[in-house]
Every structure is written in C-alpha cells, then in structure tokens.
Number of protein chains: 2
Amino acid sequence: MTEKSRFDAELNEKLATSGFRFTAQRRNVYNVLVNKRDHPTAEEVFIRSKADMPDISMATVYNCLDALVKCGLAKQVNHDSTAKRFCSNMQEHCHYYCTDCNRVFDIDLKESPRMPEADLPENFKPDQIDVAMRGRCPDPACATAGAKD
Amino acid sequence: MTEKSRFDAELNEKLATSGFRFTAQRRNVYNVLVNKRDHPTAEEVFIRSKADMPDISMATVYNCLDALVKCGLAKQVNHDSTAKRFCSNMQEHCHYYCTDCNRVFDIDLKESPRMPEADLPENFKPDQIDVAMRGRCPDPACATAGAKD
DNA sequence: CTAGGTGCAAAAGGTTTGCGGTTAA
DNA sequence: TTAACCGCAAACCTTTTGCACCTAG
C-alpha cells in the first residue's frame with residue numbers, strides 16, 4: 001500500500017466510524033492540517049486548501065474542520081484571539097502561546113497532567129485536563145523583546 | 001471608610017496605576033463582574049449593567065472590560081464558544097467547563113500548577129500556566145445526563 | 001438511488017472603529 | 001482646560017445557514 005493510499009484509508013476509516021463520508025475536500029483539509037502543524041485558523045486553512053483545490057469554499061472548510069474534530073482527527077485550540085485555531089496533533093500535549101509573536105507551540109508532556117482528587121469539590125469529575133502556558137518563545141525576536149513592552 | 005467608598009478607592013487606584021480614568025461606567029461594569037462571578041460574556045455584562053445604568057452602550061462595556069483586564073482586575077476566559085467570557089477572580093485558580101450545561105466553575109488550587117523544567121524545550125519560559133478541565137458538573141441535570149448523549 | 005456534501009450568497013453573531021459631544025483630573 | 005471617555009451607528013471579522021446542485025456509498 002502506498003503512503004498516499006494509507007493516508008486515505010486511515011482518514012476514510014475515521015470518518016466512516018463517525019458516520020461521515022470521505023470526500024476530496026475533507027482529504028485536502030486534513031492534509032493541510034497534517035502538513036504544517038502550526039495551528040492555523042479556518043481562514044488560513046482555506047487559503048492553503050485553495051492551492052490544491054482552487055474552488056473549495058469557506059463553508060466547506062468549516063464543514064470539513066467540524067467533521068475532522070468530530071471524528072477525532074483534529075482539535076480546536078482556543079487562543080486569546082477571536083478566530084479559532086486547529087490542531088491535528090492528537091497525542092497528549094499542551095500548548096505554549098507566545099505572548100509576543102502569537103504563535104502556538106506544541107509541548108510534549110512526560111507525565112499526564114494530574115489534578116489531585118483533593119483539589120476538586122465533590123462530584124466534579126473531569127474527562128479532560130488542558131494545560132496552556134503563556135510567555136515568550138525562544139525566537140530571538142521574541143526572547144529579547146523586553147524593551148518594547 | 002464605608003464599604004462602597006473602599007470599593008471605589010481600590011478600583012480608582014488600580015485604574016490610575018495603568019493610566020485609566022475612574023468613570024461611573026467602569027465602576028458599574030466592575031461591580032457587575034464582582035457581584036456575580038459566573039463568567040459572563042460581554043453581552044451579559046451589558047444587560048446586567050443596564051439595570052443600574054440604562055443608557056450604557058455596548059461599546060462602552062467593551063471599553064470598560066478591556067480597561068479592567070489591562071489594569072489587572074479581570075481576566076478573559078476562553079471557552080469553546082465564540083464569545084469571550086470575563087472573570088474577576090484574580091486568585092490562582094483553574095476553570096472547570098461543564099460539557100453539558102456550558103457553565104464555567106472556578107476551582108481553587110491547593111498547589112500551583114507546575115511544569116517540570118525537564119518537560120520544556122530549551123528557552124521556553126512560561127510566565128503563566130492555565131489549567132482547564134472539562135467534564136460534567138455536579139448539577140443533577142448534568143451529572144445524570146449520560147443517556148441523552 | 002438518495003442522504004449527505006458542496007459552493008454560493010446572505011445572514012447572524014461578536015467585536016471594533018469613527019465621530020461629535022461630555023467629563024475626570 | 002483638555003485628553004480621555006461616552007453613546008451611537010456603521011464597519012468588520014468570523015462563523016452559520018438556506019438552497020440548488022452534485023456525488024459517495
């Protein structure tokens with residue numbers, strides 16, 4: 001099986017499991033997310049998708065992103081900004097938001113984030129714990145940006 | 001000093017420190033945030049503010065919320081939904097998002113969230129770590145909502 | 001064949017901006 | 001006195017929706 005057909009087969013299976021059809025647009029959008037994992041906004045996905053598929057529409061990009069989130073191939077990332085961003089890294093990780101350049105970085109975790117039972121009021125039982133960090137990133141332009149604040 | 005004038009004095013000082021003026025609208029908006037700490041959206045703040053100040057405008061509510069965030073009296077909370085929410089609890093705490101009723105709960109932390117140096121790539125130095133949890137809240141309508149999913 | 005997906009255009013949130021008048025300091 | 005702030009309305013940006021056509025299964 002070629003690399004390309006394996007990509008398609010895996011995407012197809014995940015989509016089908018959640019009752020979604022496999023379409024060229026969904027493959028294209030998923031491909032965009034996987035190829036450059038920089039947490040693009042829907043608009044950025046739209047622009048990149050048009051490179052391979054000039055007639056794709058914004059509404060379809062939203063539809064595709066929604067389907068990918070629902071079938072477990074992508075996650076929404078909620079930044080401070082208004083537009084939602086998308087992440088195709090489904091491994092356990094957390095996000096580092098650069099307060100200077102606004103980029104979002106994936107940070108792998110060596111241990112799962114834990115929330116001691118003792119800290120939780122009775123009957124709060126989280127399914128999921130997200131850790132987000134804010135600070136400057138190592139890019140020299142940001143790391144040395146102190147003066148301009 | 002009465003309770004009311006102490007509230008005003010503290011607000012005034014925080015605003016002044018960041019170069020903002022003390023206005024009746026800002027007092028009103030801050031009062032709304034402090035009185036009911038349920039993480040309202042800008043629109044909800046607008047509605048509640050109008051109870052005491054019927055002529056306040058939406059643009060002013062945004063301006064006031066922005067000033068309060070900038071002078072350290074409130075924080076933005078980024079939910080999954082589109083509208084930003086606001087939190088006047090400035091103590092270290094984390095947020096629990098009920099996946100059923102969408103309410104946001106403050107959870108106090110007994111120890112600070114920590115991120116072992118070892119987990120961070122070189123030169124990432126977070127100023128702030130946010131922990132968010134998702135799951136059902138203890139409200140009976142949510143806690144027993146499994147069937148309808 | 002047909003339910004689900006697509007493209008388009010219009011509408012619906014949510015937030016920001018420009019401007020003339022008002023006000024805190 | 002005057003820079004900052006207010007209210008209003010229009011603009012802007014992001015996301016959703018309605019509809020006629022198309023296509024995967």
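Before we start, a quick definition: Ala, Val, Leu, Ile, Met, Phe, Trp, Tyr, Cys and Pro count as nonpolar, Asp, Glu, Lys and Arg as charged, and the others, Gly among them, as polar. Keep in mind that this is a predicted model.

**Exercise 1. Describe the protein surface near DNA strand C.**

Step 1: Sort the residues by type. The surface near DNA strand C splits into 8 nonpolar, 5 polar and 5 charged residues.

Step 2: Pick out the nearest ones. Among the 18 residues around DNA strand C, those that come nearest are A:Arg21, A:Thr23, A:Arg26, A:Thr60 and B:Tyr62. On the DNA side, 75% of the strand C atoms that come within 4 Å of the protein are from sugar and phosphate.

Step 3: Look at single contacts, using a cut-off of 3.5 Å between N or O atoms.
- A:Arg21 has a polar side-chain atom 2.7 Å from a base nitrogen of DNA strand C.
- A:Gln25 puts a polar side-chain atom 3.0 Å from a sugar or linking oxygen of DNA strand C.
- A:Thr60 has a side-chain N or O atom 2.3 Å from a phosphate oxygen of DNA strand C.

Step 4: Find the elements. Helix H2 (24–35) and helix H4 (58–70) of chain A, along with helix H4 (58–70) of chain B, each give two or more residues to this surface. H4(A) gives the most, with 3 residues.

**Exercise 2. Now do the job for DNA strand D.**

Step 1: Sort again. Here you get 8 nonpolar, 5 polar and 6 charged residues.

Step 2: Find the nearest. Of 19 residues around DNA strand D, A:Tyr62, B:Arg21, B:Thr23, B:Arg26 and B:Thr60 come nearest. Sugar or phosphate supplies 78% of the strand D atoms within 4 Å of the protein, and bases supply the rest.

Step 3: Check contacts.
- The side chain of B:Gln25 has an N or O atom 2.9 Å from a sugar or linking oxygen of DNA strand D.
- B:Ser57 uses a polar backbone atom, 3.3 Å from a phosphate oxygen of DNA strand D.
- B:Asn63 has a side-chain N or O atom 3.0 Å from a phosphate oxygen of DNA strand D.

Step 4: Name the top contributor. H4(B) takes the largest share of this surface, 3 residues.

**Exercise 3. Work out the strand order of the open sheet.**

Step 1: Write the order. The 6 strands run S4(A)-S3(A)-S5(A)-S5(B)-S3(B)-S4(B), with mixed pairing.

Step 2: Spot the edges. Strand S4 (104–108) of chain A and strand S4 (104–108) of chain B each pair on one side only.

Step 3: Zoom in on one pair. Strand S3 (residues 93–98) of chain A and S4(A) run antiparallel, joined by 5 bridges. A:Tyr97 stands opposite A:Val104 in S4(A).

Terms used
Residues numbered from 1 in each chain as written. Chains lettered and ligands numbered in written order. Predicted model: local features only at pLDDT ≥ 70, side-chain atom pairs only at ≥ 80, totals over all residues. Heavy atoms only, no water. Near = heavy atom within 4 Å. Polar contact = N/O pair within 3.5 Å; in protein donor to acceptor, adjacent residues only side chain to side chain. Helix = DSSP H or I, 4+ residues; strand = E, 2+ residues; numbered from the N terminus. Pairing = 2+ DSSP bridges.
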